[in-house]
Amino acid sequence: MNLAERYPRPMQDILVIGAGLAGLTAAQVLTRAGRRVRVLEAAEHVGGRVTTREVGGFTLDVGYQVLFPAYPAVRRHLNLEALDLVPVPPAAVVRRGGRAEVLGDPLRDPASLPGTLGSRALTLADKLRVARLAARLRLPPPHTLLVGPDETTGSYLRRQGFSEGALDHFFRPFFGGIFLRRDLQTSARLFRYYFRMLLDGGTALPRAGMAAIPAQLAQGLDVTTGVRVTRLLPHGDVGGQGHLTAVTSAGELDARQVIVATDADTAERLTGEPLSRGHLGSTALSYAASRPLDEQPRLLLNAEEGGLVNHAQWVSQVIPGRAPAGQHLLTVAVNGVPDLDDGALDARVRGELSRWYGAGTEALRLLAVDRIPFAQYPQPPEYAATLPGHATRLPGVLLASEATSMSGIQGAMESGEKAAAILLGDLTGMSRPRGA
Ligand SMILES: Cc1cc2nc3c(=O)[nH]c(=O)nc-3n(C[C@H](O)[C@H](O)[C@H](O)COP(=O)(O)OP(=O)(O)OC[C@H]3O[C@@H](n4cnc5c(N)ncnc54)[C@H](O)[C@@H]3O)c2cc1C
């Protein structure tokens, strides 16, 4: 069916291109405000990078992902209760070969107290520095942590007095999982913001999979999947009497206003704006086991340098329903997309896991390898000074994308919210600071 059959009306009010979290949030805000909105999505599913699939009865998020429930945009737009969030234990386990040491916030995970006190992954002085940092970052409004002087996360942590051991054993792998790089070269402003989000709400997984997030946002929206927009052609004074034609893989569609909510590279092609910010990739290997090699539900951090594994989690220890009865699910996250085929990648990862679990790794069955060449964009110090706004050179076309904010769920959702606020002339929404 082409679009003319799907859309018999000659002119759409607002067209949103892309049904990732940015596009869906924009469409939700506009629809709730009474505007007529159509969403076109190139993939066969909504959610963009936030997606889940079933493999042999296992529920796999595509790439290791978690939700930070304290994200302000998440709290404004998602019904967290309906997502049936399962908290991920706030403590992590630092793995150095056969040695496993628990590190956690005893206030949020009392069971982690003895392990945390006894752990040699952090010195006593470093543990006290973590407590001091938490006390300091807990106080200001979270969005104010995104402003002020910037530097690398590594340099900020060293200025707080942390030892190189603390950086290597904890901060590199833990924040390597959030920023998809272990070098601690990400903006310290973002480090402070994410640290605060962790303090305020930890991390959680929707019981049914991360795809429950976009599924909830898509409720009540008019979304057509499997249609790729290839060009935007403005006609006349858009916003006055003019309009735009969207050329798509299923025909042409006219709209008065357009929100481009694709990935930055595609948005650059559609609008002519210089939006690409580079790519950080991620790879996830999912393994099935008929008995768990580890009873541990906490995040497992690889504190040894030079390997592929950044972190891993027995997801079925957190949410048993993610694996069929009697089965267990281990997800292993690798930063970047190594130039290795599945067999070679599996062999390398298994070799690293055997330093944790010995010969037990032979019982692991590889379920899936997900390679995501673009998971986030790099966010070095001062990256925010070069972020694009929402306006484009095409009249009547606005941008909604994490590329206008920060690379993550908060950035995507607040960007969609802001593009909608601009279209609605909503001053409160327009003036909301990043991260608020
Ligand atoms: C492995 C991984 C782990 C992550 N971990 C976290 C995390 O723990 N916490 C966090 O906050 N964030 C995390 N992120 C980042 C977060 O998922 C993204 O920042 C966010 O989903 C981006 O949303 P978006 O709407 O801006 O872009 P996208 O999700 O990229 O959505 C863009 C949409 O546009 C569609 N599209 C593209 N071109 C066209 C076209 N021509 N026509 C029509 N449609 C088109 C795409 O198919 C896609 O659906 C992670 C991402 C990955 C991949």
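**Note on the salt bridges of the predicted model**

1. In this predicted model, the side chains of Arg38 and Asp222 meet in a salt bridge, with a distance of 2.1 Å from N to O. The pair links distant parts of the chain, since Arg38 belongs to strand β2 (residues 37-41) and Asp222 to strand β9 (residues 222-225), 184 residues apart. Arg38 is buried, its relative accessible area being 13%, whereas Asp222, with a relative accessible area of 27%, is partly exposed.

2. A salt bridge also joins the side chains of Glu402 and Arg49, where the N to O distance is 2.9 Å. Glu402 sits in the loop between β18 (397-399) and α14 (409-424), and Arg49 in the loop between β2 and β3 (52-55), so this pair ties together parts that are 353 residues apart in sequence. Glu402 counts as buried at 8% relative accessibility, while Arg49 is partly exposed, with a relative accessible area of 32%.

3. Arg189 and Glu382 form a salt bridge through their side chains, at 3.7 Å from N to O. Here too the pair links distant parts of the chain, with Arg189 in helix α9 (residues 188-201) and Glu382 in the loop between β17 (365-376) and β18, 193 residues apart. Arg189 counts as buried at 12% relative accessibility, and Glu382 counts as partly exposed at 38%.

4. Beyond these pairs, Arg76, Glu417 and Arg432 are linked in a network of salt bridges. For the whole structure, the search finds 23 salt bridges, among them the one between Arg38 and Asp222 described in the opening point.

Key: Residues numbered from 1 in each chain as written. Predicted model: local features only at pLDDT ≥ 70, side-chain atom pairs only at ≥ 80, totals over all residues. Heavy atoms only, no water. Salt bridge = Lys/Arg side-chain N within 4 Å of Asp/Glu carboxyl O. Helix = DSSP H or I, 4+ residues; strand = E, 2+ residues; numbered from the N terminus. Buried < 20%, exposed > 50% of the residue type's maximum accessible area, 1.4 Å probe, protein only.
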